[in-house]
Amino acid sequence: MVHAHGVAEVTDADFEAEVLGERGRAVLVQFTADWCGPCRQLAPVLSAIATEEAGRLKVVQIDADRNPETLTRYGVLSTPTLLVFRDGEPVRQMVGARPKRLLLRELEDELATA
């Protein structure tokens, strides 16, 4: 899996505890895969956001190839897909890599309510 430094990896087994069980801050989940070029581009962006917004946003990654249950549950069809969860519910979906500035702008609402 393309791993972003400082970003935890979740699996089908612990997704509920790590993502759905999080309260008080939004969770940004990146669905990624080893073969995904745009996922590699997104890794340093996610690392930076995970560090800078740690108090307001939890950032995790899940390997799309090794965790088909979660992939199917949320209808993820391509990587990278970014899903934002708040209090156990998906509130936003974004597909594809994007620069940090754009991603932060897209996350403004979720960060503002943290």
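What radius of gyration would a compact globule of 114 residues have, and what does the chain have? A compact globule of this length would have a radius of gyration near 13 Å, and the chain has 13 Å, so the two agree. The model is predicted. The legends below start with the whole chain and then turn to close-up views.

**Figure 1. The whole chain has five helices and five strands.**
Along the sequence, the elements follow the pattern β-α-β-α-β-α-β-β-α-α. The C-alpha atoms fill a box of roughly 35 × 30 × 20 Å along the principal axes. Of the 114 residues, 49% count as buried. Contacts that span long stretches of sequence are counted here too. Among contacts between residues at least 6 apart in sequence, 74% join residues at least 24 apart.

**Figure 2. Five strands form an open sheet with mixed pairing.**
The strand order is β1-β3-β2-β4-β5. Strands β1 (8-10) and β5 (89-95) stand at the edges. Each has a single partner strand, so one side of each is left without a neighbour in the sheet. From one strand to the next, the twist averages 30°. Helix α2 (residues 37-52) lies across β2 (26-32), β3 (57-63) and β4. The helix runs at about 160° to β2.

**Figure 3. Strands β4 and β5 run antiparallel and form a hairpin.**
Six bridges join β4 (residues 81-86) to β5. Threonine 81 has valine 95 of β5 as its bridge partner. Arginine 86 stands opposite glutamate 89 in β5. Two residues lie between the strands of the hairpin. Aspartate 87 sits in this loop between β4 and β5. Its phi is near 50°, a positive value in a residue other than glycine. Most residues other than glycine have a negative phi. Aspartate 87 has 41% relative accessibility, so it counts as partly exposed.

**Figure 4. A cis peptide bond links threonine 79 to proline 80.**
Omega for this bond is near -5°. Most peptide bonds are trans. Proline 80 lies in the loop between α3 (68-73) and β4.

**Figure 5. The largest nonpolar core holds 22 residues.**
Which residues touch the most other members of this core? They are Leu28, Leu46, Leu57, Val59, Leu103 and Leu107. The elements that give two or more residues to the core are β2, α2, β3 and β4. Helix α2 supplies the largest share, seven residues. In soluble globular proteins, nonpolar side chains tend to be buried together.

**Figure 6. Leucine 46 contacts residues from several parts of the sequence, among them Ala4 and Leu103.**
Neighbours within four places in sequence are left aside here. The other partners of leucine 46 are Val7, Leu28, Gln30, Val59 and Leu82. A second, separate core has 15 residues. Its members include Phe15, Leu20, Ile62 and Val76.

**Figure 7. Aspartate 63 and aspartate 65 are joined by a polar contact at the end of β3.** Aspartate 63 lies in strand β3. At 1% relative accessibility, aspartate 63 counts as buried. A polar atom of its side chain lies 2.8 Å from the backbone nitrogen of aspartate 65. Aspartate 65 belongs to the loop between β3 and α3. Is aspartate 65 buried or partly exposed? Aspartate 65 is partly exposed, with a relative accessible area of 48%.

**Figure 8. The side chain of aspartate 65 makes a polar contact with the side chain of tryptophan 35.**
The distance is 2.7 Å. Beyond its neighbours within four places in sequence, aspartate 65 is in contact with Ala33 and Trp35. How far apart in space are aspartate 65 and phenylalanine 31, C-alpha to C-alpha? They are 9.3 Å apart in space and 34 residues apart in sequence.

**Figure 9. Glutamate 106 and arginine 98 meet through their side chains in a polar contact.**
This contact is 2.5 Å. Glutamate 106 is found in helix α4 (residues 100-106). Not counting residues up to four places away in sequence, glutamate 106 touches Arg92, Met94 and Arg98.

Definitions and conventions
Residues numbered from 1 in each chain as written. Predicted model: local features only at pLDDT ≥ 70, side-chain atom pairs only at ≥ 80, totals over all residues. Heavy atoms only, no water. Pairing = 2+ DSSP bridges. Helix = DSSP H or I, 4+ residues; strand = E, 2+ residues; numbered from the N terminus. Axes fitted to C-alpha atoms, helices over the stretch in contact; angles between N-to-C directions. Contact = heavy atoms within 4.5 Å. Core = buried A, V, L, I, M, F, W, Y, C linked by side-chain atoms within 4.5 Å. Buried < 20%, exposed > 50% of the residue type's maximum accessible area, 1.4 Å probe, protein only. Polar contact = N/O pair within 3.5 Å; in protein donor to acceptor, adjacent residues only side chain to side chain. Rg over C-alpha atoms; globule rule 2.2 N^0.38 Å.
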